[in-house]
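Please explain how this protein is put together, for someone who meets the structure for the first time. A walk from single residues to the overall fold would be welcome.

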Amino acid sequence: MRGFRWPPPPDGGPRTWGPGPGAPRTGRPALPDPETDLVTTPHGVRLERLVTGTGDPVTVFAHGLGNGIATTRPFGSAVTGRKIFFQFRGHGRSDSPPGPWSYLDLARDLRAIADLGGATRAFGASLGAGALCRLLVESPERFERLVFFLPAVLDTPRGEVARARLSDLLDAVADGDASALADVVSLELPPAVRNTPAGWAYLRQRLDQLLRDGLAPGLAGLPEQAPLRDAAALAGVTAPALVIGCAGDDLHPVAVAEQLAAALPQATLHVYDRPGVLWTERADLRERISTFLNG
């Protein structure tokens with residue numbers, strides 16, 4: 001197995017150790033950070049927001065823990081209408097009010113952004129999927145269409161592997177340790193993409209953003225929590241939903257996606273056979289999400 005090294009090679013190209021050809025030059029990094037604005041919410045927390053596109057419908061996109069607007073934008077690349085991307089509290093330029101925080105707090109952030117922007121459809125990835133579930137328990141008819149990408153947790157806290165990975169991420173950011181942070185972030189990449197120009201570009205962008213903006217300590221308690229007490233609380237959600245999972249993803253067990261799809265009365269489940277779909281199945285994922293939301 002070729003080892004991962006940081007910092008990247010000065011020429012930006014792949015660097016490998018041992019025999020064999022270099023990794024394939026495939027995959028694409030997240031979109032660069034655009035100009036955003038800060039929005040004051042009714043619950044007093046200012047959140048960083050980006051609005052793109054025009055017209056109806058309006059879709060809000062909620063990101064995963066340690067991610068943000070840049071990594072969420074590709075999911076909406078073919079979605080019609082206006083698209084609202086934002087950063088949860090503790091991420092990017094959004095406020096970090098005193099903690100500890102819960103999924104209810106994240107649901108309030110998501111609801112505020114959706115209400116202020118008039119969103120009728122919602123997309124949630126990982127942590128964002130959990131926040132969306134928590135919102136729907138309170139307001140099951142809030143959205144007309146729903147997409148859940150790689151839900152990580154529902155009514156049982158995350159497993160030990162996921163908690164350790166997220167703890168390592170928060171510790172590396174808090175310490176400002178670029179090498180340790182790169183080791184953690186590199187696990188987001190399929191092995192074939194690491195040590196390629198696209199892989200290095202993704203790592204540079206993620207590290208630049210995380211080391212610049214940081215992650216609030218209030219996020220540390222979230223991996224120990226679950227958004228719902230009982231998945232059965234979602235029985236009142238009648239909007240069509242698309243649930244997307246991946247086999248072999250330690251942070252996002254496919255069993256959680258299956259449980260969520262079973263709990264939602266109008267859900268369709270799609271499971272990819274390997275993780276890293278933003279790199280390995282990007283075109284299919286783009287078409288699948290846009291076809292569902294544009295319908």
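Threonine 41 touches Leu47, Ala112 and Leu116, when residues up to four places away in sequence are not counted. The model in which these contacts are found is a predicted one. Threonine 41 sits in the loop between strand S1 (37-40) and S2. Because its relative accessible area is 4%, and buried means under 20%, threonine 41 is buried. Its side chain takes part in two kinds of polar contact. With the side chain of histidine 43, threonine 41 forms a polar contact of 3.1 Å. In addition, a polar atom of the threonine 41 side chain lies 2.8 Å from the backbone oxygen of valine 45.

The following loop joins strand S2 (46-52) to strand S3 (58-62), and glycine 55 is found in it. Glycine 55 has a relative accessibility of 42% and therefore counts as partly exposed. Leaving aside neighbours within four places in sequence, glycine 55 is in contact with Gly81 and Arg82. The C-alpha atoms of glycine 55 and lysine 83 are separated by 9.4 Å, although these positions lie 28 residues apart in the chain numbering. Proline 57 also belongs to the loop between S2 and S3. A cis peptide bond, with omega about 0°, joins proline 57 to aspartate 56. Another cis peptide bond, again with omega about 0°, links glycine 99 and proline 100. Proline 100 lies in the loop between strand S4 (82-86) and H2.

From here the description turns to helices H2 and H3. Two packed helices are described by the angle between their axes and the distance between the axes. The axes of helix H2 (residues 103-117) and H3 come within 8 Å and cross at roughly 85°. This angle is why H2 is described as roughly perpendicular to H3. On the H2 side, the contact is made by Tyr103, Leu104, Leu106, Ala107, Leu110 and Arg111, while H3 contributes Leu127, Gly130, Ala131, Leu132, Arg134, Leu135 and Glu138.

Arginine 134 is one of these contributors from H3, a helix that spans residues 127-138. Which residues does arginine 134 touch, not counting residues up to four places away in sequence? They are Tyr103, Leu104, Ala107, Pro227 and Leu228. Arginine 134 counts as buried because its relative accessibility is 17%. The side chain of arginine 134 is also joined to that of glutamate 138 by a polar contact of 2.6 Å.

Beyond H3, the chain enters a loop that leads to strand S6 (145-149), and arginine 142 has its place there. The side chain of arginine 142 makes a polar contact of 2.8 Å with the side chain of aspartate 115. Aspartate 115 is among the residues that arginine 142 touches beyond four places in sequence, together with Ala114, Ala119, Thr120 and Leu135. The C-alpha atoms of arginine 142 and alanine 239 are 8.9 Å apart, and these two residues are 97 residues apart along the chain.

The nonpolar interior comes next. The largest nonpolar core has 65 residues, and those with the most contacts inside it are Val60, Phe143, Leu146, Phe148, Leu169 and Leu234. H3 supplies the largest share of this core, with 7 residues. Apart from this core lies another, of 20 residues, which includes Leu50, Val147, Phe149 and Leu150. Phenylalanine 148, of the 65-residue core, touches residues from several parts of the sequence, among them Gly124, Ala129, Leu132, Ala241, Ile244 and Leu264.

Leucine 150, a member of the 20-residue core, lies in the loop between S6 and helix H4 (160-175). Leucine 150 counts as buried because its relative accessibility is 10%. Its phi is near 50°, a positive value in a residue other than glycine. Asparagine 195 likewise has a positive phi, near 65°. This asparagine is found in the loop between helix H5 (178-185) and helix H6 (197-213), and its relative accessible area of 6% is why asparagine 195 is described as buried.

Finally, the protein as a whole may be considered. The protein has 9 helices and 8 strands. Of its 295 residues, buried ones make up 52%. Among contacts with a separation of 6 or more, 75% are accounted for by residues 24 or more positions apart. The protein exposes about 12500 Å², of which carbon and sulfur atoms supply 51%.

Methods: Residues are numbered from 1 along each chain as its sequence is written. This is a predicted model: local features need pLDDT of at least 70, side-chain atom pairs count only at pLDDT 80 or more; totals for chains, interfaces and linings use all residues. Side-chain values use heavy atoms; hydrogens and water are left out. Helices (H or I, at least four residues) and strands (E, at least two) are DSSP runs, numbered from the N terminus. Buried means under 20% relative accessible area, exposed over 50%, partly exposed in between (1.4 Å probe, protein chains only). A polar contact is a pair of N or O atoms within 3.5 Å; within protein, one must be able to donate a hydrogen and the other to accept it, and residues adjacent in sequence count only if both atoms are side-chain atoms. Contact means heavy atoms within 4.5 Å. Accessible areas come from the Shrake-Rupley method with a 1.4 Å probe; for residues, only the protein chains shown count as cover. A nonpolar core is a set of buried Ala, Val, Leu, Ile, Met, Phe, Trp, Tyr and Cys residues joined through side-chain atoms within 4.5 Å. Axes are lines fitted to C-alpha atoms, for helices over the stretch in contact, and angles run from 0 to 180 degrees between N-to-C directions. Angles under 35 degrees count as roughly parallel, over 145 as roughly antiparallel, 65 to 115 as roughly perpendicular and the rest as oblique.
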